Amino acid sequence: MNLRGKKLRGLAGSLVMMTLLLLAAAPVYGGGLVNVPNSVMPVLSLELVRQDQAVIGEGFTIVYRVKNISDKPAFKINYNFELSGVEVVNPFDVKEKPAEIEMLDPGASANISVKFAVKTIEGGARERTYRIRGYVTCQDASFGNTMTYSAITDIPVGIVTAVPNLLVQDLRIVGEDTNSPEGFEMTLLLKNSSMIYDMRNITLQLDGGENFETMDVSNKKEIGRISANEGSEISFKLRVKDGRKSNTATLNVNYSYSEGKVSERVETLFLPLPEDTSDNGRVPRVIIKRYSLSKDRVLAGDRIDLTLVIENTNSRPVKNVLINFGVDSITSDSGGSRRSTVFAPVNSSNTFHIDQIAGQAVVTNTITFSVDPGAAAQTYIVPVTIKYEDERGLLSDLSVSDTVNIPVTQEAKLSVSSMVFPKTAQVGMPVAVTAEFINAGKVDLTEFSVRLSGDFNVQDASAYQAKLAMGGMNSYTGMLIPLEEGQREGILLVSYTDNNNETVAHEYPFTVEVTPAEDMGAMLPEGPTPPEEPTGLANRALAFVKEQWVLLLLALVVVLQTIYIIRVKKKAKEEFFDE
């Protein structure tokens, strides 16, 4: 029995030793590798790591991780993509194609970052979900075989405004005695309005002017980052200056977003501080202290946020405040006005309610409007009505009317209906350049000019039109005369001033192949030039003379004889009367 056990233990030990030798001989590159015997073809996996939100007219990034899951190296790894399914228009362009990965060892992985751009609505992009097939190609060690590995990604495309805006959602005063020499603390509640981009390197600089002084070491505060649709808060220690004129202060905001883009803005703050007197009138007054738009340039068809800062100027609180946006007034070129709805509230009515506004305090409210795409480029006057009550409800029909001015502009659009450049020309021979333009936008274009220049002489090099009205057309024809042979470059420059008083220029380069001029002397025959043969009526007259020359001669003789006889008779008659 002991002998048999020893044999079994010896056999088990031999098996273990053989297993260890086999494991030592096998190549090991990490978990998940695929060993393909007698093959040099690598196997890759492609998976999605990160996908930004895609917005029409904006850029976004997709990050993949490619991994070599085989025991063979992969070479020349490149990324590409295609729409999965049948699509009419590809809404994506690759802004920055990732660099080629020269080699990926077995078990190794690398990230591929692809920067896409979503086309505009005019370019064919739509608010929907697209499916793309991202794929990588690679070659084996022989560089003779190419393999492809792919990953399917669903990309929802929206129309949310991507540019971030730092909103001051609220302002809080800490401390009861704001007139104390020790000062008081003001806390600002901030929010990043963007649903896509994070804000970074945020700098806030407070200027109290002649009203407040900063008691902190510096009047500048910094916030490293505020994520998309997230908020933050920051505090300043202030003290009231003697003889302050108002409760306002200026906040200068600076931040970066989306690959280093920088935004700057100035915000006016109204601090809800009490007045020195307890009663400054029996009837409280509520006014629109200020208002701001989320965009400096409001385009027809866009969405904007209108923020109202409403102030109770009295030391007594008011309640049951109802704020209503009326129908905007449109002023025509003739000076008259009409009522129309250019601004429609989004996901709300044109009225909002505030329970109470404390004495000498302000509140802010923001409402989002959709601008009519067909709105003319001009400034619209939106009436605002504020109704409220005093704190005891004795004065329940108080109201005030004000207006908000919103300038709306249309995008200028110049369409090229035709443009013809010569492909070839001869030295010294003029050739024409023609172009035809149409103002396809909804605004007039001014200072419209066309200029032709290049490696040649030009006749009618420029044309100017003071105003190109909506739907108007402009035609241009210029003549270029090459002076030298070879490939000559030229540019047709078109420029105009749009409705925002900005100069817009478009360049249209072209190339002309110039050949030597033909030798006109070689085309003429040697010797004297024969006279031209008569044609038409002269030819028929000459033929008639040749055929009827005898009759014509007889007729001439008869005519001459008749003239002679008449003259002889006349002379004889004159001699008879003389006798």
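Start by selecting residues 486–497 and 503–515: these are strands S36 and S37, antiparallel to each other and joined by twelve bridges. Strands here are DSSP runs of E with at least two residues, helices are runs of H or I with at least four, and both are numbered from the N terminus. Two strands count as paired if DSSP finds at least two bridges between them. You're looking at a predicted model, where local features need pLDDT of at least 70 and side-chain atom pairs count only at pLDDT 80 or more, while totals for chains, interfaces and linings use all residues. Residue numbers run from 1 along each chain as its sequence is written, and side-chain values use heavy atoms, with hydrogens and water left out.

**Stop 1: around S37**

Stay on that hairpin and pick Tyr496, whose bridge partner in S37 is Val504. Five residues sit between the two strands, and Asn501 in this hairpin takes a positive phi near 60 degrees. Now add residues 424–426, which make up strand S30; S30 runs parallel to S37 and is joined to it by three bridges. For a marker, show Thr424, which stands opposite Glu513 in S37.

**Zoom out**

Colour the chain by secondary structure and you get three helices and 37 strands. Of the 579 residues, 33% count as buried, meaning under 20% relative accessible area (exposed is over 50%, partly exposed in between, with a 1.4 Å probe and protein chains only). Take contacts, defined as heavy atoms within 4.5 Å: among those between residues at least 6 apart in sequence, 69% join residues at least 24 apart.

**Stop 2: a five-stranded sheet**

Next, bring up the open sheet with the order S2-S9-S8-S4-S6, which has mixed pairing. Which strands stand at its edges? They are S2 (54–55) and S6 (101–104); each has a single partner strand, so one side of each is left without a neighbour in the sheet. Inside the sheet, select 129–139 and 146–158: S8 and S9 pair in the antiparallel sense over eleven bridges. Tyr135 has Ser150 in S9 as its bridge partner.

**Stop 3: a four-stranded sheet and a loop**

Move on to the open sheet ordered S10-S11-S15-S13, where the pairing is antiparallel. Its edges are S10 (166–174) and S13 (212–214), each with a single partner strand, so one side of each has no neighbour in the sheet. On average, neighbouring strands here are turned by 40 degrees against each other, direction ignored (axes are lines fitted to C-alpha atoms, for helices over the stretch in contact, and angles run from 0 to 180 degrees between N-to-C directions). Select 184–192 and 231–240 to see S11 and S15 run antiparallel with eight bridges between them; Glu185 stands opposite Lys237 in S15.

Then click Asn229, in the loop between S14 (220–226) and S15. Is Asn229 buried or partly exposed? At 33% relative accessibility, Asn229 counts as partly exposed. Its C-alpha is separated by 5.6 Å from that of Ser194, 35 residues away along the chain. Leaving out residues up to four places away in sequence, Asn229 touches Lys191, Asn192, Ser194 and Met195.

**Stop 4: the nonpolar cores**

Now show side chains for Leu308, Ile310, Ile323, Phe325, Phe343, Ile386 and Val408, the residues with the most contacts inside the largest nonpolar core, a set of 32 residues. Such a core is a set of buried Ala, Val, Leu, Ile, Met, Phe, Trp, Tyr and Cys residues joined through side-chain atoms within 4.5 Å. The strands that each supply at least two of its residues include S18 (286–293), S20 (303–312) and S28 (398–409). S27 gives the most, with five residues. Apart from this core lies another, of 30 residues, with Leu46, Tyr64, Ala125 and Ala151 among them.

Go back to Leu308: beyond its neighbours within four places in sequence, its contacts include Ile288, Arg290, Ile323, Phe352 and Val404. Then pick Glu311 in strand S20. Glu311 counts as buried because its relative accessibility is 6%. Not counting residues up to four places away, Glu311 touches Phe270, Arg285, Val286, Ile287, Lys289, Ala361 and Val362.

**Last stop: a pocket**

Finish by selecting Asp52, Thr61, Tyr197, Ser258 and Glu259, which lie nearest the centre of the second largest pocket and are among its 18 lining residues. S3 (59–68) and S7 (109–118) each supply at least two residues of this lining, and S3 gives the most, with three.

Definitions and conventions:
1 Å grid on protein atoms, 1.4 Å probe; cavity = no way out; pocket = protein on both sides within 12 Å on 5 of 7 lines; lining within 4 Å.
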